[in-house]
Every structure is written in structure tokens, then in C-alpha cells.
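User: I'm new to this structure and would like to learn how to read it. Can you walk me through it one feature at a time?

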Amino acid sequence: MEAEISINYLAISTELIVIFTIVGTITLDLIFTKKSKYLVALFALVGSLISFIPIIFQWANYSKAMVLFDGSYVIDKFSIILKGLFILVTYLTFLLSINFVESDTYYEGEYYFLLLCSLLGALVVASSRDLLTIFIGIELASGPMFLLSGWRKGDPKSNEGAIKFFLLGVLSASLILYGFSLLYGVTGKIIFSEIVSSLSATGLHQSPVVLLSSILILAGIGFKISVVPFHSWAPDTYEGSPLPVTAYLSISSKATGFVALIILFTKVFYESGTSWGVILVLISGATMFIGNLSALQQTNPIRLLAYSSIAQAGFILAPIAVAGITGNYNDGVYASVTYLVIYAFMNMGAFLVVNILIKASGSENIYEWGGLAKDSPMTGIFSVVFFFSLAGIPPLGGWFAKFVVFRSLLSTGEIFGLSLGIIGAINAVIALVYYARVSKIIWMDDSPAGERVITVPNPLKVVGFISLALTLLAGVFPGIFSSLGEASAIFFSS
Amino acid sequence: MTSILETFSNGLGISLVVFLPLVSAVFILFIPKKQEFLIKIATLGSSLVTFGLSLIVAYQFDYDNAHMFQLGNKLTWIESINSNYEIGIDGISLPLLLLSTFISVLAIIYSFEHLPEPVNPKGMMSLILILETGMNGTFVALDLILFFVFFELVLLPMYFMIGIWGDRTVRSVAGFKNQIETRLYASIKFFVFTLFGSAFMLLGFLGLYFRGSKTFSIPELIELGTSGAFTGTFATLVFAVLFLGFAVKVPMWPLHTWLPDAHTAAPTVGSVLLAAILLKLGSYGFVRIALPILPEQAKAWAPAIAILAAIGIIYGSLACLAQTDLKRLIAFSSVGHMGFVMLGISSLTSIGINAAMIGMVAHGIITGLLFFISGSMAHTYHTRDMDRLGGNMKLLPKTGALLGFTAMASLGLPGLAGFWGEFMALLGAYNPLPGLNITVFRTSMVAGAIGTVLTAGYLLWMLQRVNLGEPKEEWIGQDLHDADNYELAAWIPLVILTVLIGIFPKLIFGSTNDAVISLVTKAFGG
């Protein structure tokens with residue numbers, strides 16, 4: 001048979017634009033002198049914005065899933081929504097970075113280049129439907145982050161965090177690969193649908209080797225999404241990384257991991273859900289508790305957010321875990337995706353607040369932030385909105401994220417879902433204490449003597465208002481976000 | 001003109017009552033901080049318009065059909081989970097809605113001049129307005145999720161009210177290494193307690209949703225509930241979590257411990273709004289949601305609620321006798337008064353629930369007034385310690401007279417508003433719904449009756465210590481200012497209402513009675 005390769009370039013135009021931007025960024029970096037390096041940043045910003053345009057068209061003209069490369073690469077609503085999210089988050093990270101990168105002796109061009117590479121990886125993961133593509137995507141997304149997390153070369157903390165992240169990242173990559181190799185060894189296929197049909201044909205879908213493979217993959221991805229017991233790198237790495245990178249790590253990298261997890265476990269392993277579901281339930285519960293209880297003790301705002309994002313990962317994982325047991329994957333994917341989307345913006349906002357306040361107070365100890373809201377009421381309002389949204393207090397977006405998770409946990413009324421629901425409710429209360437503490441300190445504590453002037457640069461204001469608008473929108477009109485989650489779920493499991 | 005009135009009665013009216021304060025709050029955020037007077041006037045104007053609108057709503061309300069949800073609407077809100085913007089009022093919610101809009105106006109008038117450190121009227125005014133949206137919304141929401149959002153919306157403003165304007169006394173608290181300011185401890189305690197209750201309440205709502213044909217609509221769930229759709233362990237558990245959510249808010253003994261702290265620490269307006277409206281959200285939740293949707297479980301739980309209510313009454317009064325702090329005393333008296341409300345509800349009879357309704361309104365007015373007065377006194381004397389106060393009648397004659405009047409109203413003097421709630425709650429408990437354990441209820445009734453005596457006791461003793469006698473030496477010759485015009489403007493309407501409702505309880509019953517009878521007949525057949 002004559003192999004005829006025809007590629008639907010329109011379908012992958014988002015990825016192509018990002019690739020073009022990557023190449024352009026690194027080229028411009030060579031051309032421009034130090035003085036005009038900001039043009040590189042501008043180029044990256046514009047490039048990422050343009051890559052959003054095909055997403056809008058694909059969404060508006062959606063008729064059915066586009067399948068490319070013999071089923072390896074699929075553009076469906078699930079992938080469109082998540083790609084949109086990844087691009088937006090990267091865009092916001094760029095805005096967050098501009099002043100940060102300029103203010104230091106960083107390599108500007110490389111910084112944007114690496115972030116864009118990571119974005120490309122995330123985009124690939126969202127569409128991948130075979131073992132190779134998804135692995136390349138996962139590693140392309142996390143590889144640049146190893147470098148970026150060690151960006152503050154002079155800072156031992158940054159070095160420590162980066163090394164930890166790198167070593168564990170390599171370990172996790174090899175675990176994932178080991179899991180993949182078992183699957184390949186059993187079936188001889190790499191495309192998910194073929195693996196599934198081969199497994200059912202041979203009756204191996206419940207066999208120990210497949211279960212082992214799922215556990216290895218789970219452990220590997222567990223590092224990426226930093227769930228207990230694979231979470232220990234996160235606080236150190238978060239603390240050592242430049243703040244925008246930390247924000248990106250805790251949002252986009254985490255989301256990439258979750259997308260990979262959702263794809264693999266609902267597309268490949270869905271028939272053995274009762275086995276891995278129980279493990280995920282345990283992991284999810286433990287993640288919430290350990291994340292929240294550790295966050296309670298933190299005085300460093302970045303470590304606090306690190307543990308908070310660990311705890312949040314427990315919430316995102318919970319619906320998938322219970323879906324494995326009940327087989328109701330639609331509901332699980334719906335809840336997790338909705339949570340991910342809302343979480344992205346409120347967490348971005350929280351990092352923004354921390355970014356501003358650390359600079360304003362010159363201190364990485366939240367207890368020294370007393371009365372900062374009086375110096376900048378805008379930052380004060382930001383902090384209230386984002387932190388209480390993370391805590392899930394209506395009418396801020398986070399309540400709806402928590403709500404859909406509870407809804408999917410209780411949907412069948414079986415005992416695992418119910419227990420996780422109760423654990424989640426208890427954890428929502430624990431989390432409130434430390435989220436409220438930040439607002440308490442900056443609004444209610446007395447300010448130390450001396451005038452503090454808080455200036456919020458314009459790019460940060462943009463990040464703040466975009467996140468604020470989306471967080472409030474998600475809380476007051478959750479239908480919009482809910483329909484995104486619903487769309488991704490329905491088309492995904494078809 | 002008629003078309004405006006028509007759309008007004010199609011949900012627009014009560015939507016405005018709910019959202020006008022929130023919209024005004026957003027506008028106020030854009031007024032520069034320096035223009036204090038403009039901020040105050042704008043807030044007052046907004047709350048007055050809201051109150052006016054609620055009066056129009058009350059005028060349009062069809063009292064012959066008070067058992068039906070009226071003047072409401074149903075719009076799509078979150079389609080994928082079938083939760084709608086469904087609103088409406090009936091005879092049960094109407095008085096509470098009016099109470100809420102009315103007290104908000106008074107709280108704003110009071111705040112014109114009487115804000116504790118760090119004054120900042122802009123912050124306080126916008127918080128009061130946001131709070132008002134949450135309160136009004138809770139009373140008109142007919143969708144469980146909408147109800148939940150409004151129910152929780154009050155948390156943030158109240159948290160900041162207590163935390164920023166609250167009492168700065170430093171004290172040591174068990175569980176904290178260092179000494180901590182009262183306001184900081186009380187604000188987070190209030191928040192954590194209520195969130196704990198409502199997080200579980202939300203799980204309960206979801207339980208109803210999944211068992212009850214995937215709807216969050218309260219009227220639909222009431223139909224399902226009264227036709228016996230929710231049974232077994234499932235329903236018992238759901239009632240338990242709903243109970244937890246509402247009982248924390250009421251607060252019922254033994255979940256009340258946040259209340260004395262929150263009240264003592266809160267600034268005067270915070271205490272007033274907390275006592276007058278926020279506590280009612282809990283008891284209203286019982287009447288609106290828990291009883292009609294889960295009638296069988298309500299019957300099963302009623303004796304337990306009655307016992308807890310009776311304990312609350314006795315415990316509250318005994319605790320009052322032990323207080324030296326004036327505001328803390330009033331806070332504990334709230335535990336007792338809300339005990340009467342819950343005792344009335346637990347009887348599951350129309351008398352008992354009517355008693356609860358009038359009890360809620362009366363408690364809102366009287367205790368609200370008590371907190372106004374005690375707050376002002378604390379401001380004047382710079383102490384709430386009753387051992388140091390005394391001779392208030394001579395020092396501050398106007399305030400003293402009003403305190404005396406309000407204390408009389410609070411102890412349930414016949415002819416004033418407080419009387420009906422207590423008296424009828426006891427009557428309800430004497431004759432509970434047939435089939436309920438009569439011994440338990442009669443014992444609770446006796447406990448309640450003893451409670452009324454104790455209530456009279458501690459209030460009279462309080463008056464004796466604070467109002468009567470000769471002024472202590474430390475106050476003589478000091479320039480103590482009596483109630484000013486702002487204070488009187490906030491207080492006199494409450495005094496008038498106390499008398500009016502005391503003499504014409506029909507003001508409340510005329511609205512609630514039909515709705516309560518219909519609720520009881522539908523849910524319990526009695």
C-alpha cells in the first residue's frame with residue numbers, strides 16, 4: 001500500500017504557531033542587544049496570544065473530533081479546552097514574568113524560549129492518544145522546568161530545588177516509561193484504542209501486569225502532579241524557583257500531569273478501574289490531609305502555596321479516583337476539568353498577590369506582612385478574592401470547583417465516594433484557617449512603623465484583573481465553566 | 001405603569017431587593033475614601049431604597065395565598081447541574097425579609113457616627129451592603145444551591161467586620177501559645193464553625209439532589225419530600241448534616257460556643273446584624289428546608305431538638321447569671337432566646353412554628369436593640385464590665401431608659417414583642433404533634449418555663465447592676481455623652497416595633513399563619 005501522508009495543518013495550527021514562536025524567540029534573542037531584549041518578551045507574548053486564535057476557531061466550528069496520524073493525535077473538545085487553558089496560563093505567566101525577569105540578570109530570551117517549549121509539551125499531551133506521543137509531551141512539558149526552577153543561579157535554595165526536581169523528574173520519567181514498556185510488551189501496540197482492544201481480546205485487562213503498569217504510571221505522574229507520597233520535592237522547588245516559574249509549575253505543569261493522568265486512566269486503564277481506583281482514593285484523601293495540615297504550619301508564603309496546591313491536587317484527583325470505582329468516567333472528567341480550569345485562575349491570582357507582597361514587604365515571612373492591605377487596598381482585595389476562592393467560599397469561583405467535585409463524589413452514593421466527600425468537607429474547613437490567615441495578617445494586623453509604598457506594575461495589574469474577573473465569573477455564573485467541563489467530558493469518553 | 005408593576009412582581013422586585021445593596025457596594029468602592037459623607041449618604045440611600053422596595057413587595061404580596069411562593073421567578077443559572085435562579089417569597093420569608101432590610105437601614109444610620117477604630121466608613125459601609133445581599137438572598141432563594149451561596153455570602157463580610165473593627169483587648173485563649181486579640185480569635189472561630197456546618201450541609205443538599213430526581217428546587221423537593229421520597233438511613237443522615245449546618249448558625253447548644261466570642265468581639269453594628277439577622281438564617285433553614293423536605297426525619301429528630309433547645313434555654317440563662325461582661329450577657333441571652341425558637345420549631349405544630357416565626361422577628365428587634373445600646377454604652381464608658389458600671393439611669397438617662405425598656409421586652413413582658421414567641425413556644429411544646437414523645441416535650445416545656453424565670457432573673461439583675469443605684473466614683477464628673485440623634489434614630493424605630501408587635505402580633509401572624517398551617521398540614525398531616 002502506498003503510504004500517503006496528508007496532514008491536516010489546520011488542526012494542529014496552534015502547535016505550529018507555538019513552534020514558530022519558539023524558533024522566533026530564540027532567534028530574536030541572538031539578534032537583539034541587551035537593551036532591546038524586551039522585544040523578545042513582546043514577541044513571545046504576541047505569539048502565545050496568536051496561538052489562541054485557532055483554538056477559538058476550532059471551538060466555534062466544532063463538528064466532530066479530528067483524528068490525525070492514524071489515531072495518535074486527536075483534536076476534540078477536551079483537548080481544545082485544555083489547550084486554551086494552557087495557553088492562557090502561559091500568557092499570564094509571561095505577564096507575571098516581565099518585571100521579574102527584567103529586574104535581575106536573567107537570560108531573558110532563553111527564559112521565554114523554555115516556557116514556550118513547556119507550553120508546547122502541554123499542548124501535545126492534551127491531544128496525544130498513543131504512548132510515544134504522550135511521553136514526549138509529558139517530558140517536553142517538564143524538561144524546561146528543570147532549567148527554569150534553577151534559574152536563580154546564585155541562590156543555593158534554587159539550586160537545591162532544581163536538583164531535587166531534576167532527580168525526581170528523571171525517576172518519574174523512567175517509572176512512566178517502565179509502565180509503558182509493560183503495556184507495549186503485553187499488547188505490542190502503542191495507540192490507546194488498539195491497546196484497549198488487544199487487552200480485552202486477550203482478557204488481560206485485569207491481569208497483574210497491567211495493574212503493575214498502571215501503578216508505575218501512577219507513581220510517575222504522581223510526581224508531576226505532586227500528590228502524596230510523591231510530593232516532597234514540591235515545596236523546596238517552589239521556594240527556590242523564580243516566582244512566575246513557581247506559579248507556572250503549580251498550575252500548568254500540574255494541569256499537564258493531570259491531563260496525562262486523565263487520558264491514560266480513562267482511555268487505557270478504564271476496565272481495571274476498581275483496582276487503581278482504590279489506590280487513587282487513598283492517595284487523594286492522604287494528599288488533602290497532608291497538604292492542608294502541612295500548610296497550616298507554614299510561615300513562608302511560597303511554601304504555604306506549595307502545600308495548598310498539593311491539597312488542591314487531592315481535590316482534583318478525587319473525582320477520577322471515584323470514577324474508577326464506579327465506572328462513571330463522564331462525571332469524573334467533568335468535575336476534574338472544571339476544577340482544573342477554575343483552580344488555574346485563582347491560583348494564578350494567589351501567586352500574583354504573594355509576588356506583590358513579598359516585594360512590598362521585603363520579607364518571605366507572612367507574619368511580617370501586617371497591615372499591607374492599608375498601603376494597597378487593591379492588593380488587599382486581590383488577596384481576599386483569591387485566597388478565599390481557594391478556600392471555596394461563595395461567591396468566589398472556588399466554591400463551584402469544590403461543589404462539582406463533591407457532586408461527582410456523591411453521585412452514586414457508594415462508600416468510597418461518600419468517605420472522600422466527608423474527608424473533603426473536613427479539609428475545606430482546615431484549609432480555611434491558613435487561607436484566612438493571609439487575609440487576617442494583611443487586613444487586621446497592625447503595620448510596623450515606617451511608610452511602605454506598594455507599586456503594582458501594569459502587567460501584574462493585568463494578570464490580577466484577568467484572574468479576578470474569571471474567578472468572580474466562575475463563582476457568580478458557574479454555568480460557563482460548568483459547560484466547559486461538561487463538553488470535555490462528553491466528547492472525551494465517546 | 002402596569003407593565004412595570006407586572007415585571008416587578010415577576011421576580012424583578014425581590015431581585016432588586018437582593019442585589020441593589022451588592023451593586024451599591026461595588027459603586028461605593030469607586031468613591032474616593034476621603035469623601036466620607038458621600039459614601040455614607042450613598043449607602044443610606046441604597047439601603048433606604050432597598051427597604052422601600054421590600055415594602056412594595058410586602059404591599060404586592062397576596063396575603064390570602066400566603067402559603068404559596070409569590071412574586072418570584074425561575075431563570076436558568078447553572079444548566080449542567082440543573083440549578084436555577086429560582087426565587088420567591090411566602091408568608092414565612094416575608095417578615096424576615098422585611099426585618100433584614102429594616103435592620104440594615106438602622107445599622108447604617110448608626111454607623112454614620114459610631115464606628116470604632118480604624119473608623120474607615122467606606123470599608124464598613126460596603127461590608128454592610130454585601131452582608132445585606134447575602135441575608136436578603138437567603139430569605140428569597142428557592143433553590144438549594146442558590147440558598148447555599150447566599151447563606152455563605154454573609155461569612156466574608158462578617159469575618160472582616162469582626163476582625164477589623166472588633167474588640168482589641170488582648171487575652172489568652174486555650175490552644176494559642178501567645179496572647180491574642182479578641183477580635184482575631186473570635187473572627188476566625190466564627191468562620192470555621194459556620195463553614196464546618198455548611199460544608200456538611202452542602203453534602204446533604206447533594207444527597208437530596210441525587211435521590212430526588214436531580215433537582216435543587218425547594219418547592220419541587222418539598223413535593224417529593226411530603227410524598228415520601230426520602231426514607232431510611234439515607235434520609236436520617238441527610239437530616240443530620242442539614243441539622244449540623246443550621247444548628248451551628250442558630251446556634252443550638254452545644255454548637256453555640258462561637259457566638260459569645262463573636263458577639264463580644266464584634267463592633268456594635270456587627271453584633272446587631274449578627275443577632276438580628278444572621279442567627280435567623282439557621283432557624284429559617286429548618287423551617288424552609290429541613291422540616292418540609294424531610295418530614296419523617298423531622299419527627300424522628302424532634303425530641304432531640306427539643307431537648308437541645310431546652311438545654312440551650314437553661315444553659316443560656318445560667319451562663320448569663322455568671323457574666324460580668326454586658327455584651328457577653330446579651331450574647332448568652334441569645335442562646336436562650338433562640339432555644340425558645342427551636343423549641344417551637346421542634347413541636348412541629350402550627351402554634352410552635354408560628355411562635356418560632358414571631359420569636360425570630362422579636363429576637364431580631366429586641367436583641368438588636370440591646371446590642372445597639374450596650375455597644376454605645378461600652379463606647380461611652382470604655383468598659384463592658386458590669387461591676388464597674390452602675391447608676392446608668394442617672395448618668396445617661398436616655399440610654400438607661402431605653403435599656404430598661406428593652407430588657408423588659410427581652411424577658412418576655414406581655415404587651416411587648418418578646419412575649420408571644422416564648423409563650424406560644426411553651427404552648428406548642430405542651431401539645432406537640434401527635435405521635436411525638438409527650439414526656440420529652442412536657443419536660444422541655446417545664447425547662448423552658450424555668451428558663452423564662454431565670455431570664456427575668458438575669459435581666460433584672462443586670463438592670464440593677466447597670467442602671468440603678470448610685471454612679472460609681474470613677475464616672476462622677478466625667479463628660480459622658482448620652483445617646484445622640486444618630487443613635488436615637490436607629491433605636492426609636494425598634495422601640496416602636498417592639499410595642500406594635502407586642503400589641504398587634506397579627507402583624508407577623510397575618511403573614512406567617514397560613515403558610516405555617518399549610519406547611520404543617522402538608523408535611524405532618526396535623
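Analyst: Sure. Let's start with what a contact is: two residues are in contact if their C-beta atoms, placed from the backbone, lie within 7 Å. Keep in mind that this is a predicted model. In chain A, take the contacts between residues at least 6 apart in sequence: 80% of them join residues at least 24 apart.

User: What does the overall build of chain A look like, and how does its radius of gyration fit a compact globule?

Analyst: Chain A holds 20 helices and two strands. Its C-alpha trace spans about 75 × 55 × 45 Å along the principal axes. For 494 residues, a compact globule would have a radius of gyration near 23 Å, and chain A agrees with that at 22 Å. Buried residues account for 60% of the 494 residues in chain A.

User: How do I read a single helix, say α7 of chain A?

Analyst: Start with the general idea: an α-helix has 3.6 residues a turn, so residues three or four places apart point the same way. Now the case here. Helix α7 of chain A covers residues 156-187, which is 32 residues, and reaches 46 Å from its first C-alpha to its last, close to the 46 Å expected at 1.5 Å a residue. Its buried residues include A:Ser158, A:Gly161, A:Ala162 and A:Phe165, and further along A:Leu183 and A:Thr187.

User: Which helices cover those buried residues of α7(A), and what follows α7(A)?

Analyst: The cover includes α6 (131-149), α8 (192-202), α9 (208-224) and α10 (233-240) of chain A. Right after α7(A) comes A:Gly188, with a positive phi near 75°.

User: Over in chain B, how do β1(B) and β2(B) pair?

Analyst: They pair in the antiparallel sense, over six bridges. In that ladder, B:Gln70 has B:Ile89 of β2(B) as its bridge partner, and B:Thr76 stands opposite B:Asn84 in β2(B). The two strands form a hairpin with four residues between them, and B:Asn82 in the turn has a positive phi of about 60°. Strand β2 (residues 83-89) of chain B has five of its seven residues buried, so the rest of the structure largely encloses it.

User: Is B:Gly359 buried or exposed?

Analyst: A residue counts as buried if 20 or more other C-beta atoms lie within 10 Å of its own. B:Gly359 has 33 within 10 Å, so it is buried. B:Gly359 is found in helix α14 (residues 350-381) of chain B. Leaving out residues up to four places away in sequence, B:Gly359 touches B:Phe340, B:Val341, B:Gly344, B:Gly421 and B:Ala425. The C-alpha atoms of B:Gly359 and B:Trp420 are separated by 7.0 Å, though these residues are 61 apart along the chain.

User: How many residues of each chain are in contact with the other?

Analyst: 27 residues of chain B are in contact with 25 residues of chain A. On the chain B side, β1 (70-78), α5 (144-153), α6 (155-165) and α7 (182-211) each supply at least two residues. α7(B) gives the most, with 13 residues. That side divides into 22 nonpolar, three polar and two charged residues.

User: What confidence does the predictor give?

Analyst: Where pLDDT is low, the predicted coordinates should not be read in detail. Chain B averages a pLDDT of 89, and 99% of its residues score at least 70. In chain B, confidence is lowest in strand β3 (residues 170-171), at a mean of 80, and highest in α5(B), at 93. For the complex, the predictor gives an ipTM of 0.91 and a pTM of 0.92.

How values were computed. Residues are numbered from 1 along each chain as its sequence is written. Chains are lettered from A and ligands numbered from 1 in the order in which they are written. This is a predicted model: local features need pLDDT of at least 70, side-chain atom pairs count only at pLDDT 80 or more; totals for chains, interfaces and linings use all residues. Ala, Val, Leu, Ile, Met, Phe, Trp, Tyr, Cys and Pro count as nonpolar, Asp, Glu, Lys and Arg as charged, and the others, Gly among them, as polar. The radius of gyration is taken over C-alpha atoms; the globule rule is 2.2 Å times the number of residues to the power 0.38. A residue is buried if 20 or more other C-beta atoms lie within 10 Å of its own, exposed if 12 or fewer, and partly exposed in between; C-beta atoms are placed from the backbone. The expected span of a helix is 1.5 Å times one less than its number of residues. Two strands pair if DSSP finds at least two bridges between them. pLDDT is the predictor's confidence in each residue, from 0 to 100.
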